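Please open the structure in a viewer and keep the sequence at hand. The tour below proceeds by selection, one stop at a time.

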Amino acid sequence: MKRDLIAENWRLEKSRYALMGNVCDNCGAKIFPRRTLCPKCHSDNLQEHIFSNRGKIIEWTRIYEPASGFELYAPYYFGIIELDEGIRVSTQITSITDESQLEVGKEVQLVFRKLFEGGPEGVIAYGFKAEPIIE
Amino acid sequence: MAKQLMDKTVVIGFDMTKFGDLYELGITDIADLAIHGALKSAKMNASDIDSLYVGNAMSGQFLGQENLGNLIATETGLDCEALKIEAAGASSAVALRVAAHAILSGYKEKVMVLGVEKMTSFTKMNEIQAALATGLDATWESSLGATLPANFAMMARAHIRKFGTTAEQLATVAIKNHDNARLNPRAQYKNKLRLESVLNSKMVADPIHLFESCAASDGAAAIILTSPEVAESYVKEPVYMRTSFQGHDKIQMYNREKLWFLESVKRASDLVYSRANITAKDISFAEVHDVFTIAEIMAIEALGLVPVGEGGKATVDGVTSLNGEIPINPSGGLKARGYPIGAAGIAQVIEIMEQFNNLAGKRQLKDINYALTQSLGGAGGTAVVSLFSR
């Protein structure tokens with residue numbers, strides 16, 4: 001079974017490409033990914049909000065048995081990232097040259113990258129990955 | 001919480017197949033063996049069963065087969081109402097709870113609860129990895145590169161960081177469960193594991209090694225559940241399922257507060273203990289969801305069977321061994337008895353039944369009072385804890 005999330009990825013492209021979420025006008029909750037109803041107060045009074053791509057590593061691992069579509073990357077680093085505005089995501093951590101860049105609490109940024117090719121036409125799915133911030 | 005006058009149900013029949021690569025047998029064959037074994041053990045006929053509840057996680061993905069309840073009810077000759085219940089690794093544990101609800105409501109009298117999975121003959125390793133990842137959030141975890149072992153690996157790293165849990169302590173869970181499985185004729189792996197072989201086995205997701213993970217397996221386990229009143233005509237000394245609860249946590253692991261603790265398991269077991277008016281100290285032994293070694297350590301901590309942070313130490317100290325203070329996974333667990341995903345929850349119940357009925361042979365425990373089963377779905381977003389006693 002080959003993953004085919006192309007349509008899903010397309011529907012979510014504003015969140016997956018540009019980190020677009022929402023701020024709830026009713027309760028002030030910061031929401032990611034973009035939704036129709038606020039998960040806290042269920043208001044539909046949501047404003048679009050682009051989240052900062054800067055954050056820090058909460059936890060990480062190195063994956064040797066890859067996820068479907070990630071075979072060419074294996075082994076690859078993967079982690080949970082908390083963005084500056086408090087929301088969390090998990091994604092591949094790329095451009096690591098030394099494991100010391102992977103300490104918990106280390107700053108990273110989310111960048112736009114190719115994820116995998118899917119579906120019968122081999123359409124490319126894009127999304128975000130994290131990379132270390134080299135000052 | 002729903003008002004219930006009583007929670008007790010009774011297991012009046014049970015049987016399971018051997019777990020492992022059952023190349024010659026299809027999913028309906030293994031289901032047939034477990035179901036008819038359970039009927040025979042209760043001296044019942046197929047026509048005595050009201051409903052068939054099938055716990056199964058992957059038949060659509062591995063076999064291209066859905067509507068599994070209807071298929072199995074047809075092929076096993078039960079020819080009754082049937083449904084499939086899916087909750088990843090907790091599928092048949094949830095099916096057991098749903099069956100108990102049907103009986104306690106008075107809506108059903110005798111329910112066959114089957115856990116079944118056929119994993120070995122139809123898939124390659126990377127396809128199994130992809131199938132396991134469907135228990136996570138497909139859009140925001142696995143399609144961004146997450147795998148099931150990767151999520152447990154991050155729990156392990158958080159546990160190691162917070163409590164100083166060691167690679168040796170983690171590996172000892174697998175070694176202990178293989179030792180137990182050596183005494184279980186239906187176990188998949190009866191080989192003795194050495195510490196060096198675990199630590200030198202291939203890394204799956206750092207720090208989880210291949211020999212700390214479950215392998216693909218085929219198997220089925222079935223029980224017949226009924227009310228205490230109906231059970232009187234079938235068993236002299238009933239074993240009761242006293243109560244059972246399901247605990248929830250967020251499916252996405254990144255949205256959980258503590259990576260080093262299984263909150264869903266604590267939620268379920270807190271409800272079980274308070275409902276039964278007991279504490280963790282009253283538990284004689286438990287079958288827990290050791291899908292990876294870290295999962296057993298975190299399960300026994302969340303169940304309150306050992307202090308939080310000391311699961312690894314307790315394992316190395318022998319506290320959870322067959323002759324320890326609180327034996328964990330006397331069957332060999334998911335690791336060594338085997339993990340046909342959908343069958344796991346009911347296979348745990350069968351170990352409980354064999355222990356209470358003095359049928360556990362060389363792994364027989366003495367002076368048992370209360371016993372627990374604990375299942376996980378996905379990376380711990382779903383947990384089921386069920387309590388058994390005489």
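**Where the chains meet**

Select chain A and chain B together: about 2,800 Å² is buried between them, and carbon and sulfur atoms give 62% of this area. Buried area is the accessible area (1.4 Å probe) that two parts lose on being put together, summed over both. The model is predicted, and local features need pLDDT of at least 70, side-chain atom pairs count only at pLDDT 80 or more, while totals for chains, interfaces and linings use all residues. Residues are numbered from 1 along each chain as its sequence is written, chains are lettered from A and ligands numbered from 1 in the order in which they are written, and side-chain values use heavy atoms, with hydrogens and water left out.

Next, select Trp140(B), Leu144(B) and Tyr254(B). These residues supply 26% of the area that chain B buries against chain A, more than any other three residues. Counted by contact (heavy atoms within 4.5 Å), 31 residues of chain B touch 35 residues of chain A.

**Polar links across the interface**

Display Glu59(A) and Arg157(B), whose side chains form a salt bridge at 3.8 Å, N to O. A salt bridge here is a side-chain nitrogen of Lys or Arg within 4 Å of a carboxyl oxygen of Asp or Glu. The rule finds three salt bridges across the interface of chain B and chain A.

Now colour the elements of chain B that give two or more residues to the side touching chain A: helix 5 (125-132), helix 6 (148-163) and strand 5 (203-205). Helices (H or I, at least four residues) and strands (E, at least two) are DSSP runs, numbered from the N terminus. Helix 6 of chain B gives the most to this side, with six residues.

**Two helices within chain B**

Which helix should be selected along with helix 1 (residues 27-41) of chain B? Select helix 3 (residues 68-75) of chain B; the axes of the two come within 9 Å and cross at roughly 65 degrees. Axes are lines fitted to C-alpha atoms, for helices over the stretch in contact, and angles run from 0 to 180 degrees between N-to-C directions. Helix 1 of chain B contributes Ile27(B), Thr28(B), Ala31(B), Asp32(B) and Ile35(B) to the contact, and helix 3 of chain B contributes Leu68(B), Leu71(B), Ile72(B) and Glu75(B).

**Chain A as a whole**

Finally, select chain A alone, which has two helices and eight strands. Its C-alpha atoms fill a box of roughly 45 × 40 × 20 Å, taken along the principal axes.
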